[in-house]
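Thanks for coming, everyone. Please take a look at the structure on the screen, and then I'll walk you through it.

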Amino acid sequence: MLQFITHPSDKYTIAEEVKMVIEGGCKWVQLRMKDASYDELKATAEEIIPSCKENDVILIIDDNVELVKELRVHGVHLGKEDMAPAKAREYLGPHAIIGVTANTAADITAMRGIDVDYIGLGPFRHTTTKKKLSPTLGIEGYRDIISEVRKAGSELPVVAIGGITLDDIDDIMSTGVQGIAVSGAIINAPDPVEYTREIIARLKRD
């Protein structure tokens, strides 16, 4: 599974980014605009919602639980400093998708008993997309964490994130994660549509 995370660029608008990855076959988009106001975020979300609906693409919004509820998109991704997942579940109801950020096995096992849908585990390597970066994990870090949380009884799906490129996919998927999140590698590719297609083909092979 590929989750595309939007990121402001000099080359494309957020709407253009989303259009390209959808054309490339991506079925899961996270709208992430860290420095945007509520109104800016809402305007962009409203711009991309039609494309997502027409193509059966899951759309989640980073951080902003209130906007998720207002626009009735699929769900939210919560960082460690955002609303508590249990509170977000109470606010959004049983059908919303709730993802949470993790950097350690303890972060994941702490979600036991809380109704979340997936874990965004990272960063894989250094990335300029995020300002406050936790320690990078690398392949061995993923392998160790997945092993530890599965032994502890956690079956939460894990999505790898942070500086991932096409060439990393085989190794990352071998660690036991269920998917990857990609941002910069797609946006900065010479042909983002084709790069998205290649990622999805590689994931299907794995």
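I'll go from the overall fold to the cores, then to the salt bridges and a few single residues.

First, some housekeeping. This is a predicted model, so local features need pLDDT of at least 70 and side-chain atom pairs count only at pLDDT 80 or more, while totals for chains, interfaces and linings use all residues. Residues are numbered from 1 along each chain as its sequence is written, and side-chain values use heavy atoms, with hydrogens and water left out.

Okay, the fold. What do the strands make? A closed barrel of 8 strands, running β1-β2-β3-β4-β5-β6-β7-β8 with parallel pairing. From one strand to the next, the twist averages 25°. When I say helix or strand, I mean DSSP runs numbered from the N terminus: H or I with at least four residues for helices, E with at least two for strands. Two strands pair if DSSP finds at least two bridges between them.

Let's zoom in on β3. Strand β2, residues 28-31, pairs with β3 in the parallel sense over 4 bridges, and Trp 28 stands opposite Ile 58 in β3. To get from β2 to β3 the chain goes through α2, and that β-α-β crossover is right-handed. By that I mean that, with the strands pointing away from the viewer, the path from the first strand over the helix to the second runs clockwise.

On the other side of the story, β3 and β4 also pair in parallel, over 3 bridges. Here the bridge partner of Asp 62 is His 77 in β4. The chain passes through α3 on its way from β3 to β4, again in a right-handed β-α-β crossover. And is β3 enclosed or open? It's largely enclosed by the rest of the structure, because 4 of its 5 residues are buried. Buried means under 20% relative accessible area, exposed is over 50%, and partly exposed is in between, with a 1.4 Å probe and protein chains only.

Now the cores. A nonpolar core here is a set of buried Ala, Val, Leu, Ile, Met, Phe, Trp, Tyr and Cys residues joined through side-chain atoms within 4.5 Å. The largest one has 65 residues, and Leu 2, Leu 31, Ile 119, Leu 121, Ile 180 and Ile 199 touch the most other members. Helix α1, residues 14-23, gives the most to this core, with 6 residues. There's also a second, separate core of 7 residues, including Ile 5 and Tyr 118.

On to charges. A search of the whole structure finds 11 salt bridges, each one a side-chain nitrogen of Lys or Arg within 4 Å of a carboxyl oxygen of Asp or Glu. Lys 34 is the one I'd like you to find. Lys 34 pairs with Asp 62, with the closest N and O atoms 3.0 Å apart. That links Lys 34 in the loop between β2 and α2 to Asp 62 in strand β3, 28 residues apart. Lys 34 is partly exposed at 45% relative accessible area, whereas Asp 62 is buried at 8%.

Lys 34 also meets Asp 63 in a salt bridge, at 2.5 Å from N to O. In fact, salt bridges that share partners join Arg 32, Lys 34, Asp 62 and Asp 63 into one network.

Asp 63 has another quirk: its phi is positive, about 75°, although it is not a glycine. Asp 56 does this too, with phi near 55°. For context, most residues other than glycine have a negative phi, and most peptide bonds are trans. Speaking of which, the peptide bond from Gly 122 to Pro 123 is cis, with omega near 5°. Pro 123 sits in the loop between β6 (118-121) and α6 (138-151).

Two last stops. His 77, in strand β4 (residues 75-78), is buried at 7% relative accessible area. Leaving aside neighbours within four places in sequence, its contacts include Asp 62, Asp 63 and Tyr 118, where contact means heavy atoms within 4.5 Å.

Then there's Ile 164, in the loop between β7 (158-161) and α7 (169-173). Ile 164 is buried too, at 3%. Its C-alpha atom is separated by 7.1 Å from that of Ala 185, 21 residues apart along the chain.

That's the tour, so over to you for questions.

Definitions and conventions. Axes fitted to C-alpha atoms, helices over the stretch in contact; angles between N-to-C directions.
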